[in-house]
Amino acid sequence: MRLPGRLSAAIDVLTEVETRRRPVSEALKSWGQANRFAGAGDRAAIGNLVYDALRRRASHAALMGDDSPRSLVLAVAVRDWGENPKALSQSFAGDAHAPEPLTEAEIARLSAPAPEMPAHAAADVPEWLAQSLERAFGDSWVDEGRGFAGRPSLDLRVNTLKSSRERVLKSLARFNPQPTAVAPLGVTMPAGARDARTPNVTTDEGYLKGWFEVQDQGSQIVATLANARPGDQVLDLCAGAGGKTLALAAAMDNRGQIFAFDSDRARLAPIYDRLKRNGARNVQVRAPESGALDDLAGKMDRVVVDAPCTGTGTWRRRPDIKWKLTPELLAQRLADQSAVLNQATGFLKPGGHLVYITCSILPQENDDQVQALLATHTNLAVVPAVEAWQAAFGTTIPSGLATELGGVALTPHRTNTDGFYCIVLRRLA
Ligand SMILES: C[S@@+](CC[C@H](N)C(=O)[O-])C[C@H]1O[C@@H](n2cnc3c(N)ncnc32)[C@H](O)[C@@H]1O
């Protein structure tokens, strides 16, 4: 397929996403099944167009004067993919699979410099969240928002139970991987432009042997901040499919004990295969049954709470959720977090550490949530970000990452990672 046909397909997929509120991945898959002639390169290009349209939905719409799928996809072609509006329109003329040629008005809008627009549109974030983001990031909130409108890199965490960074870099040399800037065991492959395809590393022999996991560098950094040590007793209370659990097991060199729990059996299910592939042998999975964790009360050195959250930190990877988030959903997540945090405190031994993590950038889910916990648990104290970082990494925290309360906030703009929040609390008595 040539570009005009791909643009036309992207408009169709985006229409499906917007009118039927289908997840992007599902709509793309259906399109591929209904259009078997399209190759893997076509499908990747169409996916990129759709995701790019959603990443910069607000600023594309401001430029075009409307937010129809056609306008958004045309804006991607010109603003993100560098096409010339007139030449693009001409290329549509002789192509049976192309969208309608551009109107004069469309060409004019696409050729003009970006118009004045409200700050939330320039930041490409929903208007109702502008105040929260300004509270989180101060004057740089628009730049921070823009950071979330870019394409994410593909990051891997080297599994030191089975391999080394040098070995993984060598085995994936065909993808030109680079060491990550902050996470000590990370490997990264920057996103390409236009129709670039994301490397499929999960078919690589090294992956099948458990040498590495796909994990955003931000997720690796917060797992390191948990500072689990060989011999520790650790409860991973929201283990899900085990992304953090695996990193903790490697950091502990398979010594000590990790209890991996999740209230959702289906989310926990993939952990068993992943533990095997990674050679993680110090993990006991606790399925969600009544009393499943009773024996751990008051005994843990560390309790990691990788909390259910709005996922605002993952907007680069899942731009559709950026526009679907509602105040009601946020309120639900806040209630979930409060419940799980309160539960977590019961497992700490005196002197034990509670590590609270979210992949959100909203202060309501981060500092505010912890502030509320501290108000009712006077035996907990914040380990300031500077100290927690020094203890975990053995280096000084990079400037600008600490939050007001003493947590660490990562973002694409700051650390070239997904958005993550992590704070360490110590039980005093
Ligand atoms: C952000 S995800 C965890 C991701 C996982 N730790 C990883 O690194 O792959 C949050 C998880 O919390 C779980 N969860 C929500 N409420 C919970 C609760 N009260 N107790 C335990 N798990 C809970 C959800 O089922 C979900 O799997």
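This is a short chat about two domains, a ligand and a salt bridge in a predicted model.

Trainee: Where do the domains sit in the sequence?

Mentor: Remember that the model is predicted. The domain assignment puts domain 1 at 3-117. Domain 2 covers 217-427.

Trainee: What separates their centres?

Mentor: The centres of domain 1 and domain 2 are 38 Å apart, taken over C-alpha atoms.

Trainee: How many residues are in contact between the two?

Mentor: Domain 1 brings nine residues, and domain 2 brings seven. Together the domains bury about 670 Å². Carbon and sulfur atoms account for 60% of that.

Trainee: Which three residues supply more of domain 1's buried area than any other three?

Mentor: Arg21, Leu54 and Arg55. They supply 57% of the area that domain 1 buries against domain 2.

Trainee: How many salt bridges cross that interface?

Mentor: Zero, by the rule used here. Polar contacts are another matter: three residue pairs between domain 1 and domain 2 make them.

Trainee: Which elements give two or more residues to domain 1's side?

Mentor: Helix H3 (40-55) and helix H4 (57-64). H3 gives the largest share, three residues.

Trainee: And what is that side like by class?

Mentor: On the side of domain 1 that touches domain 2, five residues are nonpolar and four are charged. No polar residues appear there.

Trainee: New topic. How many residues surround the ligand?

Mentor: The ligand has 17 residues around it. The closest are Cys238, Lys244, Asp262, Arg267 and Asp306.

Trainee: What does Asp262 do there, atom by atom?

Mentor: An N or O atom in the Asp262 side chain is 2.7 Å from an oxygen atom of the ligand.

Trainee: Which backbone atoms lie 3.3 Å from a ligand nitrogen?

Mentor: A polar backbone atom of Ala239 is 3.3 Å from a nitrogen atom of the ligand. For Ser263, a backbone N or O atom lies 3.3 Å from a ligand nitrogen.

Trainee: Back to salt bridges. How many does the structure hold?

Mentor: The count is 33. One of the salt bridges joins Arg57 and Glu18. Their closest N and O atoms are 2.4 Å apart.

Trainee: Which parts does that pair tie together?

Mentor: Arg57 lies in helix H4 and Glu18 in helix H1 (residues 3-20), so the pair ties together parts that are 39 residues apart in sequence.

Trainee: Why can side chains pair like that?

Mentor: Side chains of opposite charge can pair when their charged atoms come close.

How values were computed
Residues are numbered from 1 along each chain as its sequence is written. This is a predicted model: local features need pLDDT of at least 70, side-chain atom pairs count only at pLDDT 80 or more; totals for chains, interfaces and linings use all residues. Side-chain values use heavy atoms; hydrogens and water are left out. Domain bounds come from an automatic or database domain assignment. Contact means heavy atoms within 4.5 Å. Buried area is the accessible area (1.4 Å probe) that two parts lose on being put together, summed over both. A salt bridge is a side-chain nitrogen of Lys or Arg within 4 Å of a carboxyl oxygen of Asp or Glu. A polar contact is a pair of N or O atoms within 3.5 Å; within protein, one must be able to donate a hydrogen and the other to accept it, and residues adjacent in sequence count only if both atoms are side-chain atoms. Helices (H or I, at least four residues) and strands (E, at least two) are DSSP runs, numbered from the N terminus. Ala, Val, Leu, Ile, Met, Phe, Trp, Tyr, Cys and Pro count as nonpolar, Asp, Glu, Lys and Arg as charged, and the others, Gly among them, as polar. A residue is near a molecule or strand if one of its heavy atoms lies within 4 Å of it.
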